[in-house]
Amino acid sequence: MHLLILGGTGEAAELAHQTTTRPGLKVTTSLAGETRNPARLKGAVRSGSFGGADGMADYLRQAGVDLVVDATHPFAAVISHNVAKACSTVGLPHVHLVRPPWERQEGDTWIEVDDLTQAAKAVAGRRAFLTIGRVELGWFAGMEDSWFLVRVIDPPAEPPPLANHHIIEGRPPFTIGDERALMSDHKIDVVVSKNSGGAATYAKIAAARSLALPVVMVRRPAPPDGPTVVSVEETLEWLATHQA
Ligand SMILES: NC(=O)c1ccc[n+]([C@@H]2O[C@H](COP(=O)([O-])OP(=O)(O)OC[C@H]3O[C@@H](n4cnc5c(N)ncnc54)[C@H](OP(=O)(O)O)[C@@H]3O)[C@@H](O)[C@H]2O)c1
């Protein structure tokens with residue numbers, strides 16, 4: 001059987017690692033192709049957009065895919081809706097692997113917002129640590145009374161549209177000690193994060209708590225309807241029931 005994993009997350013990489021050794025299973029991971037040096041993955045890899053849900057349906061038929069796991073990031077809502085639609089069109093079983101969101105702990109000061117427009121309003125006039133990647137920095141453009149520490153995996157090809165900023169490169173996981181030092185060194189007074197969930201990037205949330213800093217936490221977009229699992233282990237159980 002041919003398993004397609006929609007990737008771009010640590011869980012997708014772990015799933016590929018755990019399934020490629022299974023007899024009778026061919027594994028392909030699909031990446032959007034935006035990260036310049038993605039981590040090496042087990043199994044086959046295809047890269048680049050499909051051309052919407054219809055393009056993905058064509059790919060699923062042509063590549064002879066039998067099973068699909070959407071293991072994309074919880075904020076990658078477009079591709080997740082495309083996966084659900086394409087699998088419904090072709091009649092393939094699919095499951096959405098989505099890690100649980102972080103929950104507020106005692107000592108956390110979270111300002112929960114629905115999107116990055118609201119996040120930008122919440123950090124006006126402050127020194128903010130932006131941990132949202134490089135693609136969506138435009139929401140913070142023109143904020144001349146604010147200062148931004150921006151962490152990215154790949155440096156942007158062009159300077160970001162931010163009035164006052166400093167860019168650092170970093171690939172998760174991060175440690176609480178390093179995150180605390182970074183926030184202190186740059187006199188950060190607020191952290192901006194998507195509620196991505198998972199362990200790899202949680203250190204910034206724990207570090208902010210320990211420094212009594214507020215976190216502007218962006219809530220997740222609505223996922224598509226359909227079956228959901230929350231871990232690689234649960235995904236393997238789902239696969240076992242469908243790999244007849
Ligand atoms: N959004 C985040 O905060 C975030 C964080 C970490 C990692 N990522 C990863 O980065 C990738 C892009 O995220 P995004 O938020 O830009 O996604 P998105 O807004 O949901 O998707 C935008 C378009 O990119 C293409 N695409 C996205 N993921 C793809 C994949 N795995 N394989 C092939 N094409 C893909 C699709 O193009 P077509 O419609 O033309 O097929 C999709 O319509 C995803 O793989 C995601 O797992 C995202």
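1. In this predicted model, helix 3 provides four residues of the shell around the ligand, the largest share that comes from any element. Helix 3 covers residues 77-90, and strand 2 (26-31) and helix 2 (52-62) likewise supply at least two residues each.

2. The ligand has 24 residues around it, and those that come nearest are Gly8, Ser49, Thr72, His73 and Val78. By residue class, the shell around the ligand divides into 12 polar, 10 nonpolar and two charged residues.

3. A separate point concerns the packing of two helices, where helix 1 (residues 10-19) lies against helix 7 (residues 232-242) with the axes 10 Å apart and at an angle of about 45°. That angle makes helix 1 oblique to helix 7, and the crossing of helix 1 and helix 7 is right-handed.

4. On the side of helix 1, the contact is made by Glu11, Glu14, Leu15, Gln18 and Thr19, which meet Val232, Thr235, Leu236 and Leu239 of helix 7. The residues of this contact between helix 1 and helix 7 comprise four nonpolar, three polar and two charged.

5. Helix 7 also holds Trp238, and a reader may ask whether Trp238 is buried or partly exposed. Trp238 counts as partly exposed, because 19 C-beta neighbours lie inside 10 Å, whereas a buried residue would need 20 or more.

6. Once neighbours within four places in sequence are left aside, Trp238 is in contact with Val95 and Val229. Val95 and Trp238 are 143 residues apart in sequence, yet from C-alpha to C-alpha they are 8.0 Å apart in space.

Definitions and conventions:
Residues numbered from 1 in each chain as written. Predicted model: local features only at pLDDT ≥ 70, side-chain atom pairs only at ≥ 80, totals over all residues. Axes fitted to C-alpha atoms, helices over the stretch in contact; angles between N-to-C directions. Parallel < 35°, antiparallel > 145°, perpendicular 65-115°, else oblique. Left-handed = near helix turned anticlockwise from the far one by under 90°. Contact = placed C-beta atoms within 7 Å. Nonpolar A, V, L, I, M, F, W, Y, C, P; charged D, E, K, R; others polar. Buried ≥ 20, exposed ≤ 12 C-beta atoms within 10 Å, placed from the backbone. Near = placed C-beta within 6 Å.
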